[in-house]
Structures are given as C-alpha cells and as structure tokens.
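Trainee: Before we discuss any labels, could we look at the model together, and could you show me how each label follows from its cut-off?

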Amino acid sequence: MIKEVSRAMGDEYLDYLESNLEREHFEKMKDLGKSDMNKFVAETMLLCKPGTVFIATDSEEDRDYVRRKAVELCEETELATEGHTYHFDGPRDQGRDKENTRYLLAPNVHLGEHINYMVREEGLEEVLGILDGAMAGKEMIVRFYCLGPRNSVFSQLCCQITDSFYVAHSEDLLYRPGYEEFKRVDDDVEHFRFLHSAGRLENGVCADIEKRRMYIDLEDNMVYSANTQYGGNTMGLKKLAMRLGIQKGLREGWLTEHMFIVGVPGRDGRVTYMTGAYPSMCGKTSTAMIEGQTIVGDDIAYIKKVGGEVRAVNVECGIFGIIQDINPHDDPAIYSALTSPAEIIFSNVLVEDGRPYWLGMGQELPRKGVNYAGEWTAGKKDAKSKEIDPSHKNARFTIKMDNLANCDPRLEDPEGVTVKAMIFGGRDTDTSVPLEQSFDWVHGVITKGAALESETTAATLGAEGIREFNPMSNLDFLAASLDTYLQKYLEFAAVLSKPPKIFSVNYFLTGRDGRYLNGMLDKKVWMLWIEERVHDEVGALETPTGMIPLYKDLKRLFESALDIDYTEEQYKEQFTLRVPQQLAKLERIEAIYRQEWGIPEVLFTMLYEQRKRLEAARADLGDYVTPLMLAQL
Ligand code: SPV
Ligand code: MN
C-alpha cells in the first residue's frame, strides 16, 4: 500500500524515478523539482505497475503525443472535420455514479444525511486493492495543471495521473497547463492529486464496472477513480477537484460553486458579470452561451472577496458540455463552433460516415450508424427491451473556450471578474415563477440557494424526473456538512456593503396542459432584466417569495431582444404565485434541514417568515395569486 511504500523509501523517490523512468521523463521530473510529486509518481508506479510512464510538460510536443495516442489506442476516432474526434464510454458508464463516489473520513467524522462517505481506512484499502496492478501493460500518463488562471490568487495546482489518453486529452482541452507553474512555486504550496485507472478494458470499455469507485480522501487532497471512463467520474480536475476546492474554500473563507460566469451587455457598452448555479442538464451551459453575452465559464467557479468586491474565475478553460438540443436556432454560437474545424471531442453521440449526430440538433438523424451501444439502427433495443436513442441524452462535447467566438476577453484575468448577481435555477415543473429576485443576500442564500429543488436528469446514473433537494446545485459535490456550508455561505458576503444580488430562474415551469410556459430563448430576457435590475434601472413587484419583473419591462425586453410580442396573458400565467405548491416546498425543505445538525437558526426563521407571508396572501387572495392582484393591494 502507498503508506508502507513511502515509509520504506524515505527520501529515495527521485532515485527510484531515475532507475525506473526513461531518461527523458526522469529529466522532466527532476526539472520540476517537487519532492511531493516525485513521491506521488513513484508510489503510483509501484502501486499500479504500468508498462511505461509518460511525464508530460506544457510543451506542444507533449500535448500532441497525448492527442495522437488517444487515436492510436482507439480511445478516440477521427471524424471527417479536421480536429474532431469521438469517444464512446460503455453502456453502463454514461454518467456520474453518485452511489460509488464517496468521501473517505475518520470514523468519528460525519457529514450528515445527504453526503456519501465511508471510513477512510476501509475505503483506502478497497480502492488501493482495486488499483493494485491496474495499469499493467499500459502507459501511465502524468499531467500537471492549474485550476483558475495562472499566477493568480485563484490558482490551484493539480497533478493528474491516468492510464487513459482520452482523459488526458480531455483535460488538456479543459484545463490550463501547470508544469511551469509547479516549477515556479515553493515546495509547500498546497496541491490536489488525482489517480485514475480505467482498469481492465474489453472492446475499449471498462470491463469491471461493478468495481467502479471514486473515493475522495479529504485528509490528503487526493482522489482515486477506478474502472470508469465517463468524464465526470474520471477527469480529476472537474467534479472531483471541485470537492477538494469546496473543502479548501470553506477553510479559507471563499467559495467553490457549480456556477457559470457570464458577461451580460447593458447600457452604454457596459458589461455586467453574473454567476449562475443550476444542476446538470438544466440549462447552465446554454444560459452561459446566450447570444450577445460573453462567456467566462459554464460549470465551475472559484469565488473570492477581493478589495470589498466579490470576484470570480472560471476554474476551467474549456467546456465539457451537453450536446443534446444544440442547434442553430437555440444555441447558434456553440452550434457554429461544433461544426467548424477545431479540436473537439464528441462523446457518446451517433456517428455515421465520419460525422457526429445528436438528438435535437435541428436536422433529421441518420437511421443507422455507430454509437456507445455498438452498431445502431433505428428501433434497436437494449437488453431490457428499451429502445436505444441514437445519441445518449448525456452525450457531450469537449472544446477549449477560446474556440468560441463569444469567449470573454477576461477569461485569463488573474483578478477574475466582479460578480454583481448570482442566479439559482432548477428543473421545477410546478412551483417557482420563471424569474424572481430575493429580498437580500440572506433571503436569497436560503430561499433561492439552500432551498433549491430540481428533477433528476441523465447526467447522473439512475432514474430521471424525480424531484430532489439540491442546495446551490452543489449537493453532489459538497465536501462538508450542510450546516458548515450554509454558515460559511451566509458569512461570505455578510461583511460586504454591496453583496451580489440573488435571483432565481426556472426554465421548466409548465401550465395546466403540461406544456412548458416558456420558450428556450426566453432566458435571454431574464438575463437582461437581471442586468438592469442590478443597476437599479427597473422596478419590481414584491410578492411573498421575492420580487418579480413588471410586465412593461418584460414586454420591452422581449421585443428588443427577441422581437417577440410578449402578452399580458403570458405574463399572468408565468408569474402567478402558486401558493399551495410554494407552501408544500417550504414544508419539504424544512423537514430536510430539521434532520441535520447545527443548521443556522436563521434558515428556519426565513422559511417561517416566508410561510407566514404566503399564508397571508392566500387568506387575502386565494391559492393562485396573479401579479395584477398583488399590484392592486
Ligand atoms: C455535470 O454533470 O454537472 C457536468 C458534467 O458538468 S460532469 O463532468 O459529469 O460533472
Ligand atoms: Mn456541471
């Protein structure tokens, strides 16, 4: 086991590397000059027993090697357009596996009802056992990256070891190179380490899926991932690093959030930056890509207080985005990027004749091709007699941000961008209005963030369409108990004279006939309203749950932004307060927090006050309260 080896080897890791690495690779480790990294690489070699080892620097040559090997080893296949490749994960490996993703904790540490964890010693024994010899006959790749812009207070150094060239290639597109950055910093700078092995492969996919494990060792800033290929389980720097980032942020007084960052255009050429947290597959990337805006990030943000302001950076510099429903009408910017020559990996799409196809792409799909389930023809069924979609709902694309025409010029700004608004959104078919501002920071953190619910999607394995509690859209990644997370969140902006304003959005509200009440493009109007609201340029109507837009402002914005005649009837239906549903939600949320320990009392006070306001509105105006009724009060 890693621990025993380290005791036996004392300071001799570099000697071990010298004897066991090819000269060229040994020189790279020697030049790096980091004893912790020597130890990590040597111990992983002893544990995983790879056939060969490739140490990658930031050089174009090394990036090229990774790209080439991914194709040579058939982890990726070239498509007709230059730079495009595709990759398939196994049929049972198409999303994040929440059940087998666990924190490893000391026996006396508990993180509450909603977080998956196990005793550290047991978890380590199990996962190290699985990884023992896992790279036999394979090449082990060692990659150094930097989360956040380089040379910044936000920079977080990471080392990824993997035996998958697809994983290494994806991370090369998604993260900033970090070899030179590692070289530059002191030996004791905190870093995150990730070890992944796809394990035994059969026909190019993981053969031992039942031994799929993602174990996060919070004590050691280290994550183990085995017997899986799907990006969300394997790319250490994505959701696995997010957990280590959450832990570090809570310790140091900053936030790691499941948020996009966008620049929204306003009057006189100003750009207002906002962040938004939505669970996976709820419109986060498409909101970040709205036409006219500039994108800083689509998935993960580090958020810090700098000089009395809230500032954010994109942890990543690429997108691992959902491809379904990207078409020239709804997402012209991404569609155009995905159909132009550039370095792009398509995963779990349908491929026919060298071209990628996906559901909702705005054209008819071929009736045959190849997908993650093998040769595919329309109507093909799986072992459970369920029809196999041509492309998986969680099929993805991986692309560097700077390939996008709307990439924000401040993506690499070491100071980040100033956040004026934070938005929380979920997949909620029956309760919340499409857009609402909270009364203030505390009301927003609690009733918009901590009370967020959303229906499950194909981004994680398991049933879809089930309403789940998902505070800040971050529940899957929380590396702390809910009480600690909430307390720190509330405190984060308490000292600021102008904290970001908090909003909620809901793109999925349905009417009585079950049809969505909003079009895919309406979110552009919501973003523009938020932009004006942040600058106090529009009024709002107070409701028991927050502040909603006035009809006249939405009418103006629908017309100017989308050339749509937004009717009063639509406004009324969309913005009617559904009191019974709101009350039921409060009850659900309160019951959840009552099960936890140490939840800040203010949460219960806020929920209680909201309930009282709703009950008063119901007594005066009935179950369904239109904006007009409220305006006439
Ligand atoms: C998500 O599911 O939230 C994603 C993709 O952004 S994954 O890498 O699977 O986390
Ligand atoms: Mn995500």
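**Reasoning from values to labels**

Mentor: Let us begin with E257, which, leaving out residues up to four places away in sequence, touches M242, D299, I300, A301, I303, M472, N474, Y485 and Y489. Please keep in mind that this is a predicted model.

Trainee: Where does E257 sit, and why is it said to have no salt bridge?

Mentor: E257 belongs to strand 14, residues 255-257. A salt bridge needs a side-chain nitrogen of Lys or Arg within 4 Å of a carboxyl oxygen of Asp or Glu, whereas K284, the nearest side chain of opposite charge, is 10 Å away from the buried E257, so the criterion is not met. The side chain of E257 does make a polar contact with that of N474, at 3.5 Å.

Trainee: What makes K239, H258 and D299 donors of the manganese ion (ligand 2)?

Mentor: The limit for this metal is 2.8 Å, and the donor atoms, NZ of K239, NE2 of H258 and OD of D299, lie 2.2 to 2.3 Å from the ion, so they qualify. Along the chain these donors follow the spacing K-x18-H-x40-D. Because H258 is in the loop between strand 14 and strand 15 and D299 in the loop between strand 17 and strand 18, the pair ties together parts that are 41 residues apart in sequence.

Trainee: How do you know whether H258 and D299 are buried or exposed?

Mentor: Buried means under 20% relative accessible area; H258 has 1% and D299 has 7%, so both are buried.

Trainee: Why is the contact between E537 and R270 called a salt bridge?

Mentor: Their side chains meet at 2.8 Å, N to O, and the cut-off is 4 Å, so the pair counts. The two residues are 267 apart in the chain, with E537 in the loop between helix 15 and strand 32 and R270 in the loop between strand 15 and strand 16.

Trainee: What makes E537 and R270 partly exposed?

Mentor: That label covers the range between 20% and 50%; E537 has a relative accessibility of 27% and R270 has 21%, so both fall within that range.

Trainee: Why is helix 7 described as largely enclosed by the rest of the structure?

Mentor: Helix 7 spans residues 165-174, and 10 of its 10 residues are buried, which is why the description applies. At its N-terminal end S164 acts as a cap, with a side-chain oxygen 3.3 Å from the backbone nitrogen of Y166.

Definitions and conventions: Residues are numbered from 1 along each chain as its sequence is written. Chains are lettered from A and ligands numbered from 1 in the order in which they are written. This is a predicted model: local features need pLDDT of at least 70, side-chain atom pairs count only at pLDDT 80 or more; totals for chains, interfaces and linings use all residues. Side-chain values use heavy atoms; hydrogens and water are left out. Helices (H or I, at least four residues) and strands (E, at least two) are DSSP runs, numbered from the N terminus. Buried means under 20% relative accessible area, exposed over 50%, partly exposed in between (1.4 Å probe, protein chains only). Lys and Arg count as positive and Asp and Glu as negative; His and the chain ends are not counted. A polar contact is a pair of N or O atoms within 3.5 Å; within protein, one must be able to donate a hydrogen and the other to accept it, and residues adjacent in sequence count only if both atoms are side-chain atoms. Contact means heavy atoms within 4.5 Å. Donors are N, O and S atoms within 2.8 Å of the metal (3.2 Å for Na, K and Ca); water is not among the atoms, so sites may look incomplete.
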